[in-house]
Each structure stands twice: as structure tokens, then as C-alpha cells.
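Open your viewer and get ready to make a few selections. We will go from place to place, and at each stop you will hear what to pick and what is there.

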Amino acid sequence: MTKSMNIIIVSDVPPDARYTAGQVLNQAMSGLAEYQFRFYWFNQSRLDTGVKLPPNCITIAIVGTTYGRLLTFLVRACNFLLRCAPLFAKPVFAVKTALALASLLATAVKLGLRVRRDPSHLVWFVVQGERPVIAYRIVAWMARKPYVLQQWDPLSWWMGHRQYPRRIIRVAQGLLSRLEQNALVNIVPSDAWKEQLEAQGKPAIRLDNFIRQQLLDEPRFLAIRDPRALHAVFVGQFYAGQELVRTVEALRSVLRASGREVVIHLFGSSAPVHMAGTEVISHGHLERDELIRRISKWDVALLPYPTAAGHEETARLSFPSKARVYLAAGLPILACAPTFSGVHRFLDKHYPNHYCNIEVKKSPATFVNQLLEAGYEARRARYRDARSLVSREFSDSAELQPLRKLLGDAA
């Protein structure tokens, strides 16, 4: 490979399909087989280093924010003072913050020197949280190389979830804004986020866990009908538990009239949940493509999304990966999601005949009865329509090709 065909990738999540974000990286890097990726792992979460990387990726260095002996001693001293002298909590916390920042800056300088000396001339930064933001600002300044910037979730959600003070969040967002402004392009998972960045004069493209066209072209379709129950699917993490319960209750309330029950099929690595009066079957984790094949036979997919105050930006800018899975499986979708959210706006526009949001229609009776009455041919037609939508919006040709062209122009 020539020098122009190498790309440095700096990320806190490895491109390993076991991690949600890692799936996206793994797919994108594997799809860009003409490039060789040199991975610098900013391992802020101290993840297991035994990872399975794409064949065109090698690990160059693993760096973290671990303390040296002196800093470790000082942190332990601070913790002792917090236990024994709570009156001095504020100044001790200030010292602990300064020590953490000193460690982060030392790591960033070390990483910056490594990236600067690397023979590759293009950098791909992956941001998740405030520590990479701070580190990457220093690395970008030291390396003096063009870079692309990829984000998964809004920084305000990440820091707000960890209860950072608003003042600290604003500082981190300011640093991030500078990174976005100077990037060759910003890679984000939704159209709403892309449009927001472009309105600020920052170049952006959309890329997330795209579906391979080869899978979408598979003709196989199987449907089941259970006269006793409606079979629903839920995929992923339980980050919207209240909304999930509300969605299931809305479904059950309609089915009572027909004397049918709800059976929920759970897929993912989360611990199984219990819902009183509802049969729940946990299938565990499946690889994404096999998951799509498995769930397409059932009746409906459940899409709870946070509606509580404080999650507005995340709901507006993010796009849940489970929605892509549901569409690729050709399933109708019953949601509980804010009406301003990106996922509601997309599905309401592009999938209106097979989508219902209980935030809009409190009683989804018409929608559910249509599911019960749909015959095989109607379900197969919906399957084809959904896959056509995915091919147009979320396939490798729709999302990876624009990135390939951009990287080719930069090389």
C-alpha cells in the first residue's frame, strides 16, 4: 500500500462487532478494503484488549488515562481526605479534577506525538465523551494532519447522563465545536444532525450501521400466524423502560377485545425483563444480519424511545439502530417516541402505512387490527417495500459510497 492509502483511526471503541459502535466501525472499515487502517486505541473505558479487528486494520498503540505512581498516590490522598475531612470536600474535589486533567493532558501529548510521527497523512477521530474531545483537540493541534470526525451520541447527553455541571458541559461543547469546524467532514448517524451541522457551516455526511445490499437482495421470506397471540419483537438495550411498558400496555389493551395475548421476543445482551401478564422470551444476542433474518417472520416490532425532559437533543439528533434492523426485516413498527424525534419524523414520512406512534394515536386499535388481518401477500409486499426503503436510505451504496468518495478526494 502507498502512503496515501493508509488512514489513522483514533477511537475509544475498537472496531469490533461485539460493541454497538464497534459494529459501525467494523462494517465501514471492512467495506473500505482499499485502505489500510492504523488503529490508535484511546481506551478510556479500559475495555478488554482482546479484540477482533477487520483484516485491513492493525493496532499501533493502546493508550489510556491511567495514573502514574505519583498521581495515584495523590488521588488516594484526596480520597482519604474526602472520607476523613468532609469539610474540605470542595477544594479536594478541585484537586482531584486537576489531577485527572493532568493525566488526560499527558496522555493526549503522548498520543499526539505518535500520530504526528505516523507515516499516514489522514486521521479519523471517533468521539464518545468529553475526554476524547479534550485529547483530540491537542492531538489535532500537534499532528497537523487533515482529519474526519465521527460522533455517535450528542456530547450533552453523554455528559448530562454523568451529571456534569452545565458550565463544564458548555466548555466541552466549545472544544467540540472547534473540532467540528476544522474537520474535512463530520460523520453523524442521522439526517437531522447532518442538517444541523451544515446549517452551522460544518461539512457533514450520514453514516451508521448500514445494511449490505447483498442481504437486502435475498428473496427469502417467511411469515407465521398464531391464532392465540400477536408476536412482538424488541431489539437492543432497555434505555427507555417506561416507554416500552407503555407500548406493550397499548398493544395489550387492543388485543383484549379479540381474546389474544402478546408474546414479546427479546434480542440483545441486556438482562431479561419481567412484564406481568405478558409472555417474554429472551433469545440473547445474535449477529445483526442473522437477527434481521430471524425476526422478519413475526408480527410487529416495538420501538420505545425516551420521551422524558432532558433527552430532547438526543431524541432529535440520534437515530436508533434498532429502527434500521426493523425496517430491514420488513416489520411494521409500533413506537412510543417524541413527535419531534428524528426517528418519528423519518418513519412518519417514509413508512406511514406500517408505522404507529402512541404519542400521536393514543389507542392504536386500527393499526393493530390491520396487523391481525394482514395475509401473507400483504405482509410480503410490506417486506419488499421496507427493504426498498432501506436500500435507498441505509445501504452500503447510500452511506458508504459518499464516504469512500470523500476519502478518495482527501488522499
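An axis here is a line fitted to C-alpha atoms, for a helix over the stretch in contact, and the angle between two axes is taken between their N-to-C directions, from 0 to 180 degrees. Keep in mind that you are looking at a predicted model.

**Stop 1: α10 and α12**

Select α10, residues 288-295, and α12, residues 321-328. The axes of α10 and α12 come within 8 Å and cross at roughly 50 degrees. That angle makes α10 oblique to α12, because oblique covers what is neither roughly parallel, roughly antiparallel nor roughly perpendicular. The crossing of α10 with α12 is right-handed. Now show side chains: from α10, pick R288, L291, I292 and I295, and from α12, pick V325, Y326 and A328, which together make the contact. Colour this contact by class and you get six nonpolar residues, no polar ones and one charged.

**Stop 2: the largest pocket**

Keep α10 and α12 on screen, since both give two or more residues to the lining of the largest pocket. The other elements that do so are α1 (20-31), α5 (155-161) and α11 (312-317). How much space lies in the largest pocket? There is about 1,500 Å³ of it. To find the centre of this pocket, select T20, A21, Q237, Y239 and S321, the nearest to it among the 45 residues of the lining. By class, the pocket lining divides into 21 nonpolar, 15 polar and nine charged residues.

**Stop 3: α4 and α6**

Next, select residues 130-143 for helix α4 and residues 166-182 for helix α6. Their axes come within 9 Å of each other and cross at roughly 45 degrees. This makes α4 oblique to α6. Is the crossing of α4 and α6 left-handed or right-handed? It is left-handed. For the contact, display E130, V133, I134, Y136, R137 and A140 on the α4 side. On the α6 side, display A172, L175, L176, R178 and L179. Eight residues of this contact are nonpolar, none are polar and three are charged.

**Stop 4: α9 and α14**

Move on to helix α9, residues 241-255, and add α14, residues 365-373. The axes of α9 and α14 come within 10 Å and cross at roughly 70 degrees. That makes α9 roughly perpendicular to α14, because angles of 65 to 115 degrees count as roughly perpendicular. The crossing of α9 and α14 is right-handed. Pick L251, V254 and L255 in α9, then A365, V368, N369 and L372 in α14, to see the residues that make the contact. Six of the residues in the contact of α9 with α14 are nonpolar, one is polar and none are charged.

**Stop 5: the cavities**

Leave α14 selected and add β8, residues 229-235: each of these two supplies at least two residues of the lining of the largest cavity. How many cavities of 30 Å³ or more are found in the whole structure? The search finds four. The largest cavity has a volume of about 70 Å³. To outline this cavity, select R225, D226, A229, L230, R260, D299, L371, L372, A374 and R379. Its lining has five nonpolar and five charged residues, with no polar ones. You may recognise L372: it lines this cavity and also takes part in the contact of α14 with α9.

Terms used
Residues are numbered from 1 along each chain as its sequence is written. This is a predicted model: local features need pLDDT of at least 70, side-chain atom pairs count only at pLDDT 80 or more; totals for chains, interfaces and linings use all residues. Side-chain values use heavy atoms; hydrogens and water are left out. Helices (H or I, at least four residues) and strands (E, at least two) are DSSP runs, numbered from the N terminus. Angles under 35 degrees count as roughly parallel, over 145 as roughly antiparallel, 65 to 115 as roughly perpendicular and the rest as oblique. A crossing is left-handed if the near helix is turned anticlockwise from the far one by less than a right angle, and right-handed if clockwise. Contact means heavy atoms within 4.5 Å. Ala, Val, Leu, Ile, Met, Phe, Trp, Tyr, Cys and Pro count as nonpolar, Asp, Glu, Lys and Arg as charged, and the others, Gly among them, as polar. On a 1 Å grid over the protein atoms alone, a cavity is a set of points where a 1.4 Å probe fits but cannot get out, and a pocket is an open set with protein on both sides within 12 Å along at least five of seven lines; lining residues have an atom within 4 Å of a point. Grid points are joined across faces, edges and corners, and a volume is the space filled by probe spheres set on the points.
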